[in-house]
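Thanks for sharing this one with me. Below are my notes, set out as numbered points so that you can follow them with the model open beside you.

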Amino acid sequence: MRDDIDRWDARFRGRLAGTPSMPKGLGGLELRRGGRCLDVACGLGEQSLWAAQQGFSVVALDGSEVAITALNSAALNLGVRDRIDTRVHDLDDGLPADLGGECAMVICQRFRDPALYDQMVYMLQPGGVLVITVLSQVGRQGQSRRFHAPPGELVDAFRDLDVDIVRSLEADGESTLVARRHLT
Ligand SMILES: C[S@@+](CC[C@H](N)C(=O)[O-])C[C@H]1O[C@@H](n2cnc3c(N)ncnc32)[C@H](O)[C@@H]1O
């Protein structure tokens, strides 16, 4: 992971965290606000900032210290620093065990690690919502497909887990799935 993260650090260096942004796929969906939200591979944290502004208490994880530092500054500027617990965390080690069953929402945008799919569900409390977007081979022209999910990967992975699939969109090189953990 170190090489990867060095590359991400270099990419993020000198950049400011962007504007708060709702995760892809949640538009028009009725959501309970508040409670814990986990943002997996938060990068500069646009979704974390959005979630904090919505009243969630956010844990934002990323391996890039540069990205986490930028997110801390943006959170301070926006007055939500006390609502975001940022952690430099290597996702190759899995998700933090202390959040198991605690999260009203889990966000994972543009980061793909199929080994984490069942752990993301395990992080959710009953009725909690997962929104995940990965790069997809569907609708993508040319270039390397190495990091792109094959067609149907998200639906295939999550339909057997402890969730109802609320939405699934796959087009233009991205695949998004919204799912809700079963109540019992
Ligand atoms: C494409 S960016 C997505 C950032 C953000 N979720 C977004 O949509 O703007 C991928 C992120 O994954 C992080 N990342 C890659 N490998 C990682 C690892 N092993 N552990 C933790 N973070 C990792 C990178 O630092 C980067 O911030």
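**Notes on the sheet, the helices and the ligand shell**

1. Let me start in the middle of the sheet, with the pair Ile107 and Val131: the bridge partner of Ile107 in strand 5 is Val131. To get there, the chain leaves strand 4, passes through helix 4 (residues 117-123) and enters strand 5, a β-α-β crossover that is right-handed. Strand 4 covers residues 103-109 and strand 5 covers residues 124-135, and the two are joined in the parallel sense by 6 bridges. Please keep in mind that this is a predicted model.

2. Now for the sheet as a whole. It is an open sheet of 7 strands in the order 3-2-1-4-5-7-6, and its pairing is mixed. Which strands are at the edges? They are strand 3 (84-88) and strand 6 (163-171), each of which pairs on one side only. From one strand to the next, the twist averages 10 degrees.

3. Another parallel pair is worth a look. Strand 1 (residues 36-40) runs parallel to strand 2 (residues 57-62), with 5 bridges joining them. Here Val40 has Leu61 of strand 2 as its bridge partner.

4. On the other side of strand 5, the sense changes: strand 5 pairs with strand 7 (residues 174-181) in the antiparallel sense, over 7 bridges. Val134 finds its bridge partner in strand 7 at Ser175. Ser175 also has Glu170 standing opposite, and strand 6 and strand 7 are antiparallel too, pairing over 8 bridges.

5. Do look at the turn of that hairpin. There are 2 residues between strand 6 and strand 7, and Asp172 takes a positive phi near 55 degrees in this hairpin.

6. Next, the helix packing. The axes of helix 1 (residues 2-12) and helix 3 (residues 65-77) come within 7 Å and cross at roughly 40 degrees. Because of that angle, helix 1 counts as oblique to helix 3. Helix 1 brings Trp8, Asp9 and Phe12 to the contact, while helix 3 brings Glu65, Val66, Ala67 and Ala70. Sorted by class, this contact has 5 nonpolar and 2 charged residues, and no polar ones.

7. Helix 3 also meets the sheet: it lies across strand 2 and strand 3, and runs at about 165 degrees to strand 3.

8. Finally, the ligand. Which residues come nearest to the ligand? Of the 18 residues around it, they are Trp8, Ala41, Gly43, Gly63 and Leu91. Trp8 is thus listed both here and in the contact between helix 1 and helix 3. Helix 1 gives the largest share of the shell, with 3 residues. The shell as a whole divides into 8 nonpolar, 4 polar and 6 charged residues.

Terms used: Residues are numbered from 1 along each chain as its sequence is written. This is a predicted model: local features need pLDDT of at least 70, side-chain atom pairs count only at pLDDT 80 or more; totals for chains, interfaces and linings use all residues. Two strands pair if DSSP finds at least two bridges between them. Helices (H or I, at least four residues) and strands (E, at least two) are DSSP runs, numbered from the N terminus. A crossover is right-handed if, with the strands pointing away from the viewer, the path from the first strand over the helix to the second runs clockwise. A residue is near a molecule or strand if its C-beta atom, placed from the backbone, lies within 6 Å of it. Ala, Val, Leu, Ile, Met, Phe, Trp, Tyr, Cys and Pro count as nonpolar, Asp, Glu, Lys and Arg as charged, and the others, Gly among them, as polar. Axes are lines fitted to C-alpha atoms, for helices over the stretch in contact, and angles run from 0 to 180 degrees between N-to-C directions. Angles under 35 degrees count as roughly parallel, over 145 as roughly antiparallel, 65 to 115 as roughly perpendicular and the rest as oblique. Two residues are in contact if their C-beta atoms, placed from the backbone, lie within 7 Å.
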